[in-house]
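Colleague: I should like to go through this model with you, one question at a time. Please give the reasoning before each answer.

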Amino acid sequence: MNNAHYVFGLLVAISLYSPLRAQPPGERPSALVVTAPVVERSVTEGQFFVGTIEPLQHAIIGSAVDGRVIEFYKREGERVEKGEALAQLLTETIEQDLAAAQAELDFRKSQLLELENGSRPEEIEQARARMAAAEANTKYTASRRRRNESVMKVTGTLSEDEYEQSVADDLSAQEMLAEARAAYDLMRAGPRQERIAQAAATVVQQEALVKKLADQIKKHTVIARFSGSVVTEHTEVGAWVKQGDPVAEVVAIDQVDIVAQVNEQAIPFVRLGDEVRIEVPALNRSDIPGKVAFIVPQADLRSRTFPVKIRVENQFVDEVPILKAGMYARAMLSTGAETTGLMVPKDAVVFGGSSPTIYVVGEAAPGSEGPMAAPVAVQLGVMSGPWIQVSGKVAKGQSVVIRGNERLQPRPQPVRIDSNRTAEQIDEAYAKSKERT
């Protein structure tokens with residue numbers, strides 16, 4: 001009897017407190033959702049083509065000069081921006097040459113500036129004063145020469161040497177005056193244009209040398225020419241690299257191309273700009289949007305297939321790209337004539353389970369707060385603008401959840417409809433978003 005009471009009490013406790021016990025429909029909390037209709041539209045037949053994810057740009061970046069690696073800034077897998085340094089080579093000697101060349105350039109520039117500014121007022125005044133002194137001295141020596149000539153003619157008491165000395169002093173004073181006048185004129189006129197041009201030429205020549213040395217120093221820093229990720233290191237700190245030797249391999253991964261091989265029967269139906277749905281099995285993703293960017297007009301003669309490049313915006317998690325170069329992918333491309341098919345907004349499709357799912361909104365169940373949303377597994381087809389083709393247990397005119405479906409459980413449950421979007425409203429919103437981008 002005691003055992004029977006114990007078992008009964010245990011069963012009651014489990015039924016009351018177990019989180020797995022079933023709740024009556026009326027107790028289920030209803031979720032607030034936005035709905036849209038299932039529409040029937042013209043679509044083209046689609047087919048999956050296998051492809052490989054390739055980076056938008058791929059480069060092996062080499063050294064432009066010979067040198068020893070003293071720093072390696074980026075490692076494999078790390079992000080690098082355009083113009084960011086990858087490695088640094090030793091530049092001590094060339095930096096000394098640059099400093100000397102810069103000092104010489106400053107000196108030559110100062111010389112040119114001195115010539116361009118011309119004579120200073122103080123220098124002109126000095127030249128004028130020397131000319132005035134030479135004029136005064138010339139007047140004195142000329143007067144002395146005349147007196148000596150008169151004394152020699154009248155009295156004869158002046159020696160021949162004294163007279164010759166006065167003549168020489170007078171001639172010397174005249175030459176000094178001419179020299180002082182010429183110096184004064186030159187000082188007032190300033191430097192000749194030829195000298196200024198010569199000085200300017202030496203400045204240009206020295207500037208070219210400084211730029212050459214600065215460019216050589218710049219080339220000692222190996223930089224990335226585009227934004228991307230480092231995938232291979234070809235050298236290390238302490239290694240000697242020659243001009244042209246590889247330093248690092250970088251791929252641009254912000255956008256990627258899915259290169260799919262399309263057979264010649266399907267290639268006439270593929271158009272540039274077509275929206276494409278991409279599946280990546282390794283990521284369990286079948287909702288990645290892309291656009292046809294290039295159709296290579298040269299087939300592989302053995303397989304008779306044409307490479308089609310589908311451009312995809314990559315996504316990053318903790319700075320790590322989701323789509324990586326070399327991954328296997330499948331692209332749904334248009335391959336036939338138009339037909340009719342059922343379509344739902346892309347936001348109606350929920351991924352993560354064994355197959356894509358949409359939540360179809362039906363009538364309220366007995367005792368429920370509102371209409372019931374039930375999960376329906378579907379197969380996806382081609383995309384067209386904001387719509388995607390679906391097939392499964394779904395019919396034209398039914399309502400599907402496009403907002404709030406991420407909070408729904410994988411079972412029927414009551415929902416509260418916040419608003420219902422019409423097909424026209426969805427198309428209009430998509431057109432406006434395209435205009436903004």
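Colleague: Which residue has its backbone oxygen 3.0 Å from a polar atom of the side chain of Gln-206?

Modeller: The model is a predicted one. Gln-206 is found in helix H5, residues 193-219. Leaving aside residues up to four places away in sequence, Gln-206 touches Ala-101, Glu-104, Leu-105 and Arg-108. The backbone oxygen that lies 3.0 Å from a polar atom of the Gln-206 side chain belongs to Ala-101.

Colleague: Is Gln-206 buried or exposed?

Modeller: A residue counts as buried when its relative accessible area is under 20%. The relative accessible area of Gln-206 is 7%, so Gln-206 is buried.

Colleague: With which residue does Glu-104 form a salt bridge?

Modeller: Side chains of opposite charge can pair when their charged atoms come close. Glu-104 and Arg-108 are four residues apart in helix H2 (residues 92-117), and they are therefore separated by about one helical turn. Glu-104 counts as partly exposed because its relative accessibility is 32%. With closest N and O atoms 2.9 Å apart, the salt-bridge partner of Glu-104 is Arg-108.

Colleague: How far apart are the closest N and O atoms in the salt bridge of Glu-149 with Arg-145?

Modeller: Both Glu-149 and Arg-145 lie in helix H3 (residues 121-154), four residues apart, or about one turn of the helix. Glu-149 is partly exposed at 25% relative accessibility, and Arg-145 is partly exposed at 24%. In their salt bridge, the distance between the closest N and O atoms is 3.6 Å.

Colleague: Which residue meets the side chain of Lys-432 in a salt bridge?

Modeller: Lys-432 is partly exposed, with 44% relative accessibility. Its partner lies four residues away in helix H6 (residues 423-436), so the two are separated by about one helical turn. That partner is also partly exposed, with a relative accessible area of 45%. The N to O distance is 3.5 Å, and the residue is Glu-428.

Colleague: Which residues do salt bridges with shared partners join into one network?

Modeller: A search of the whole structure finds 21 salt bridges. Those that share partners join into one network the residues Arg-79, Glu-81 and Asp-254.

Colleague: Which strand gives the most residues to the largest nonpolar core?

Modeller: The largest nonpolar core has 26 residues, and those with the most contacts inside it are Val-344, Ile-358 and Val-400. Several elements each supply at least two residues of this core, among them strand S15 (328-345), strand S16 (357-364), strand S17 (371-384) and H6. The strand that gives the most, with five residues, is S17.

Colleague: How many residues are in the other core that lies apart from it?

Modeller: Among the residues of this other core are Phe-49, Ile-267, Ile-288 and Leu-323. The number of residues in this core is 25.

Colleague: Which strands are the edge strands of the open sheet with the order S6-S5-S3-S8?

Modeller: Four strands form this open sheet, and their pairing is antiparallel. An edge strand here pairs on one side only. The edge strands are strand S6 (221-223) and strand S8 (240-241).

Colleague: Which residue in S6 is the bridge partner of Ala-85?

Modeller: Strands of a sheet pair through backbone hydrogen bonds, either parallel or antiparallel. Strand S5 (residues 85-89) and S6 pair in the antiparallel sense over three bridges. In S6, the bridge partner of Ala-85 is Ile-223.

Technical notes:
Residues numbered from 1 in each chain as written. Predicted model: local features only at pLDDT ≥ 70, side-chain atom pairs only at ≥ 80, totals over all residues. Heavy atoms only, no water. Buried < 20%, exposed > 50% of the residue type's maximum accessible area, 1.4 Å probe, protein only. Polar contact = N/O pair within 3.5 Å; in protein donor to acceptor, adjacent residues only side chain to side chain. Contact = heavy atoms within 4.5 Å. Salt bridge = Lys/Arg side-chain N within 4 Å of Asp/Glu carboxyl O. Core = buried A, V, L, I, M, F, W, Y, C linked by side-chain atoms within 4.5 Å. Pairing = 2+ DSSP bridges.
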